[in-house]
Amino acid sequence: MPFLNEMLNESSRKRLEHERLAAENEGAAVPAQSLGSAAIESRYRFDVDGIMAAVRSEILGQDEALAALERALRIVRADIADPRRPLHTALFLGPTGVGKTEMVRALARALHGDADAFCRIDMNTLAQEHYAAALTGAPPGYVGSKEGTTLFDQSLIEGSIGKPGIVLFDELEKASDEVVQALLNVFDNGRLTVASGERTYSFRNSLVFMTSNLGAKRIQAHERAKSRWPRRLLPPSPQRDRRVLTKLAEHELLRRFTPEFVNRIDTITVFNWLDKGILGALIDMEIQRINRRLAKHGVTLHLGPAVKQYIVRIGFDRKFGARSLRRVIRQHVEAPLAVFLLNELQRSDSPQKLEAYLEAVSVKFRHEGT
């Protein structure tokens, strides 16, 4: 049927032209098909290498998780994901404070320019059975059923032209079984229809992430056992140790969730415990964030080696990860710095005054660290 084929070709041409014009209006890159005969045809326009460089600058010590994220982004960028499901569904397992949620924030910042540009659902708020309506909407006959109100933000789920949306289900293991069951349909066909049937949310242009602390206690026990005699005499290879950790986490995962739920997840990544060797870099990262907030005061904060060593010594706790480090920085760096800004800087904005104050703080740290 030549006439029908011509109509289909013309429709396809118009669609591609519409996407090209929309991308130019948005300031995105020109679609791949106009870049040359060797380029692929894709509706997505983002630089995977640039995004991953930005994410890697914020997430330390999680090489396997970063590699899994990069593989997922390349599949999306090539536009070869299943069009009837979410673009990618990933589960991050591991202890608290190791960067699971922070990785999603870093991705949102690199992809959309805003660390909060994703739909976040805190599953601990859906722990009770009767709270399932907050996710799926009120059933017919109940208050709010016609409105179809849920916790989802449709604009953040759907993303924009050339860029996928991002959804995070945080602390998945705390959700009720009814809420977990509702997610099956999302993972299966990329859609969620509210209980009243009045509205349908599409996740087919979304990257779906989940985080969980399942298996953290068993992993912690495994790490402690490695440091005891006689196992410390024959430490396992990194590859073998990684397989053991993954098996421990997946065992706990299957105890909590059904196989049909786990089977719908594209990638399951176990995050590493924070290694003491990267704590200095984490402190530098926190100081950079403080300096961005200090820019409005015309002040820059620098910490000497003695101060950093003191923070590492009292702030490193493997059970709490980077969060314990941030608490120590808030208590021992931000608090005295705030005193200076509120008192000393009001009387004198001299940089020498600030340097003298910080040196005094550093001497205090060195004294306490002896």
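## Burial and overall fold

Of the 370 residues in the chain, 43% count as buried, a class defined by a relative accessible area under 20%, with exposed meaning over 50% and partly exposed lying in between (1.4 Å probe, protein chains only). The model is predicted: local features need a pLDDT of at least 70 and side-chain atom pairs count only at pLDDT 80 or more, whereas totals for chains, interfaces and linings use all residues. Residues are numbered from 1 along each chain as its sequence is written, and side-chain values use heavy atoms, with hydrogens and water left out.

The chain has 15 helices and 7 strands; these are DSSP runs numbered from the N terminus, helices being H or I with at least four residues and strands E with at least two. Among contacts (heavy atoms within 4.5 Å) between residues at least 6 apart in sequence, 74% join residues at least 24 apart.

## Confidence

The average pLDDT of the chain is 79, and 74% of the residues score at least 70; pLDDT is the predictor's confidence in each residue, from 0 to 100. Among the elements, helix H1 (residues 2–26) has the lowest mean pLDDT, 45, and E6 the highest, 97.

Over residues 1–9 the pLDDT stays under 50, and the model has 0 contacts for them beyond four places in sequence. Residues 366–370 also have a pLDDT below 50, and this stretch has 6 contacts beyond near neighbours in sequence. Where pLDDT is low, the predicted coordinates should not be read in detail.

## Helix H3 and the cavity

Helix H3 covers residues 63–77, and its end C-alpha atoms are 21 Å apart; this agrees with the expected span of 21 Å for 15 residues at 1.5 Å a residue, the expected span being 1.5 Å times one less than the number of residues. Its buried residues are Ala65, Leu66, Ala68, Leu69, Glu70, Ala72, Leu73 and Val76. They pack against helices H2 (48–56) and H4 (100–112) and against strands E1 (88–93), E6 (206–212) and E7 (267–270). Just after H3, Asp79 takes a positive phi of about 60 degrees.

The structure holds 1 cavity of 30 Å³ or more. On a 1 Å grid over the protein atoms alone, a cavity is a set of points where a 1.4 Å probe fits but cannot get out; a pocket is an open set with protein on both sides within 12 Å along at least five of seven lines, and lining residues have an atom within 4 Å of a point. The largest cavity has a volume of about 40 Å³, volume being the space filled by probe spheres set on grid points joined across faces, edges and corners. Its lining consists of Ala68, Leu69, Ala72, His88, Ala90, Phe92, Phe209 and Thr267, with H3 and E1 each supplying at least two residues.

## The largest pocket and Arg326

The largest pocket has a volume of about 550 Å³. Of its 27 lining residues, Gly97, Gly99, Glu102, Arg323 and Arg326 are the closest to its centre. H4, E6, helix H11 (279–294) and helix H13 (322–342) each give two or more residues to this lining, and H13 gives the most, with 5 residues.

Arg326 is found in helix H13 and counts as partly exposed because its relative accessibility is 32%. Arg326 touches Glu286 and Arg289, not counting residues up to four places away in sequence. The C-alpha atoms of Arg326 and Leu282 are separated by 9.3 Å, although the two residues are 44 apart along the chain.
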